[in-house]
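Please walk me through this structure. I would like to hear about its cysteines, its inner spaces, one of its strands and a few single residues.

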Amino acid sequence: MGRLKVGENKCSFTLDNKPFFYLADTIWSAFTNVTMEEWRYYLKTRKAQGFTVLQINTLPQWDRCMTDVGVYPFATEDGQKMDFSRWEKDYYDRARQMCRMAKEEGFQLALVVLWLNYVPGTWGSRMTDINVMPEEMVEEYTEKVVREFEEFEPIYVVSGDTDFDTEEAVRYYEKALSVLCEKSPDSLKTMHIKRGYDYIPEQFAKRLDFFMFQSGHNVDGQDMAWILPERFRKKYPGKPVINAEPCYEQMGYSRKKYGRFEARDIRKAAWSSLLSGACAGVTYGAHGIWNWKKTGCLANPILGEGFDEPQSWENAIQFPGAWDYGMIPRMFEMYGIDKLLPCNELLEEADSEIRMAEGNGIYLIYLPYNTKLCIRKELKHYVCQALDLSKKRVASLDMEIRDGVTLTEMHPFLEDVLLILREK
């Protein structure tokens with residue numbers, strides 16, 4: 001297996017000269033929380049579900065669940081505060097073995113170098129500064145990451161959940177990115193940024209290979225799933241874009257607001273992003289997997305924004321939304337789609353929640369609720385199918401062509417659908 005590359009269309013990826021859909025699972029806490037036996041089961045399950053990428057934090061995730069594994073990259077007495085002067089070799093030996101197992105199962109790795117709580121001047125380090133990394137260590141640590149993991153040809157995610165609102169934060173990430181560019185010139189590099197954020201400093205943007213955004217877990221801000229890719233396409237054209245943290249399945253709403261995101265919510269986030277310019281892929285998250293919840297383990301005293309309690313990882317790995325996401329790359333492959341161009345301008349008087357894009361001569365429309373549509377184009381030689389995204393049923397729909405427009409009828413399903421319009 002070769003190294004992942006940006007495709008010639010500048011909108012998607014290729015692997016071994018074939019289209020590659022970035023379908024990632026979020027498992028930030030893998031290296032600290034998951035036993036080898038659990039890891040084997042996890043890899044087999046996610047492979048069967050269709051995932052292609054694993055997003056992992058190289059340092060302990062600040063809001064992970066507590067663990068009984070007991071391995072850390074630096075010496076620690078309580079599993080929280082680390083002594084950055086004392087490396088722990090066993091941690092990296094074990095992490096490399098986990099990476100090796102993942103690669104053998106066919107996964108690409110997206111490894112985060114510096115999550116925001118390790119960097120001063122970010123919103124996370126203002127919440128807790130217990131493990132802010134000394135600035136003189138940033139280059140040394142980044143070199144260590146490349147030295148330990150380069151053999152696996154990973155994607156390097158320079159930042160985690162960060163903002164760039166202070167000179168301090170920019171300076172830290174500049175040091176890390178510069179090392180990555182020097183020590184691993186052929187790898188793909190990107191940055192994971194905070195919810196609703198669309199600012200990448202110019203000095204970073206020109207050296208990144210693709211962009212990540214986060215529509216996130218705020219129930220009142222789910223329109224970010226289509227607003228942010230539209231902004232990124234305008235501000236930073238010519239590179240792939242991915243929603244790297246949409247709402248996670250069964251995650252409690254952020255800031256402990258009552259309620260949880262269900263399979264329908266995460267489907268909406270995925271399709272809204274894909275059809276609005278972020279067509280290179282999408283990331284899934286299950287509450288209980290990203291933070292690796294184990295029954296009987298103590299709660300983490302550092303909670304980040306705060307979310308309602310997760311289910312155990314054994315339950316979370318079988319949440320239905322994982323299968324919904326796994327269907328997406330299979331659909332792209334079936335229809336020969338490796339690039340989608342948003343075309344909501346073709347929808348007459350449609351709500352902004354309805355998203356439309358074209359790829360390979362096929363029109364895809366995400367319809368969260370049932371309604372008739374008027375498309376400002378005569379699709380005379382097209383047929384229309386409605387894919388019930390909940391029950392995986394397909395219905396053929398009639399269309400009426402008149403006066404320069406195409407009218408679709410109501411579909412027979414009760415939940416969200418994907419309309420697929422293609423030539424006969």
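## Cysteines

This is a predicted model. The structure holds zero disulfides. A disulfide is a covalent bond between the sulfur atoms of two cysteines. To count here, two cysteine sulfur atoms must lie within 2.5 Å.

Take C247. The nearest cysteine sulfur belongs to C65 and is 19 Å away, and C247 is in no disulfide. C247 counts as buried because its relative accessibility is 2%. Now take C384. For C384 the nearest cysteine sulfur is that of C374, 13 Å away, and again there is no disulfide. C384 is at 2% relative accessibility, so this cysteine counts as buried.

## Closed spaces

Next come the cavities. Rolling a probe the size of a water molecule over the atoms shows where empty space is left. How many cavities of 30 Å³ or more are there? The count comes to two.

The largest cavity holds about 130 Å³ of space. Its lining is made of 15 residues. Nearest the centre of the largest cavity lie D63, D161, H217, E245 and F307. Sorted by class, the lining of the largest cavity has eight nonpolar residues, three polar ones and four charged ones.

The second largest cavity has a volume of about 80 Å³. Here 13 residues form the lining. W62, R64, Q80, Y118 and N131 lie nearest the centre of this second largest cavity. By class, its lining has seven nonpolar, five polar and one charged residues.

## The largest pocket

What about pockets? The largest pocket contains about 450 Å³ of space. It is lined by 20 residues. Closest to the centre of the largest pocket are P19, F20, F21, P329 and E333.

Which elements each supply at least two residues of this lining? They are strand 2 (13-15), strand 3 (18-20) and helix 11 (320-335). Helix 11 gives the largest share, with four residues. By class, the lining of the largest pocket divides into 11 nonpolar, four polar and five charged residues.

## Strand 4

Strand 4 covers residues 22-26. Is it enclosed or open to the outside? Five of its five residues are buried, so strand 4 is largely enclosed by the rest of the structure. In a regular strand the side chains alternate between the two faces of the sheet. In strand 4, Y22, A24 and T26 point one way. L23 and D25 point the other way. The residues on both sides are buried.

Strand 4 has two pairings to look at. With strand 15 (residues 281-284), strand 4 pairs in the parallel sense over four bridges. One residue to find there is D25, whose bridge partner in strand 15 is Y284. With strand 5 (residues 53-57), strand 4 pairs in the parallel sense over three bridges. T26 has Q55 as its bridge partner in strand 5.

## Q61 in its loop

Where does Q61 sit? Q61 is in the loop between strand 5 and strand 6 (74-76). Is Q61 buried or exposed? Q61 is buried, because its relative accessible area is 2%, and buried means under 20%.

The side chain of Q61 makes a polar contact with the side chain of D63, at 3.0 Å. D63 has come up before: it is one of the residues that lie nearest the centre of the largest cavity.

## Two positive phi angles

Which residue in the loop between strand 12 (241-243) and strand 13 (252-253) deserves a look? Pick Q250. Its phi is near 65°, a positive value in a residue other than glycine. Q250 is partly exposed, because its relative accessible area is 23%.

K256 also has a positive phi, of about 60°, although it is not a glycine. K256 is found in the loop between strand 13 and strand 14 (257-260). Is K256 buried or exposed? K256 is exposed, because its relative accessible area is 55%, and the exposed class starts over 50%.

Key
Residues are numbered from 1 along each chain as its sequence is written. This is a predicted model: local features need pLDDT of at least 70, side-chain atom pairs count only at pLDDT 80 or more; totals for chains, interfaces and linings use all residues. Side-chain values use heavy atoms; hydrogens and water are left out. Buried means under 20% relative accessible area, exposed over 50%, partly exposed in between (1.4 Å probe, protein chains only). On a 1 Å grid over the protein atoms alone, a cavity is a set of points where a 1.4 Å probe fits but cannot get out, and a pocket is an open set with protein on both sides within 12 Å along at least five of seven lines; lining residues have an atom within 4 Å of a point. Grid points are joined across faces, edges and corners, and a volume is the space filled by probe spheres set on the points. Ala, Val, Leu, Ile, Met, Phe, Trp, Tyr, Cys and Pro count as nonpolar, Asp, Glu, Lys and Arg as charged, and the others, Gly among them, as polar. Two strands pair if DSSP finds at least two bridges between them. A polar contact is a pair of N or O atoms within 3.5 Å; within protein, one must be able to donate a hydrogen and the other to accept it, and residues adjacent in sequence count only if both atoms are side-chain atoms.
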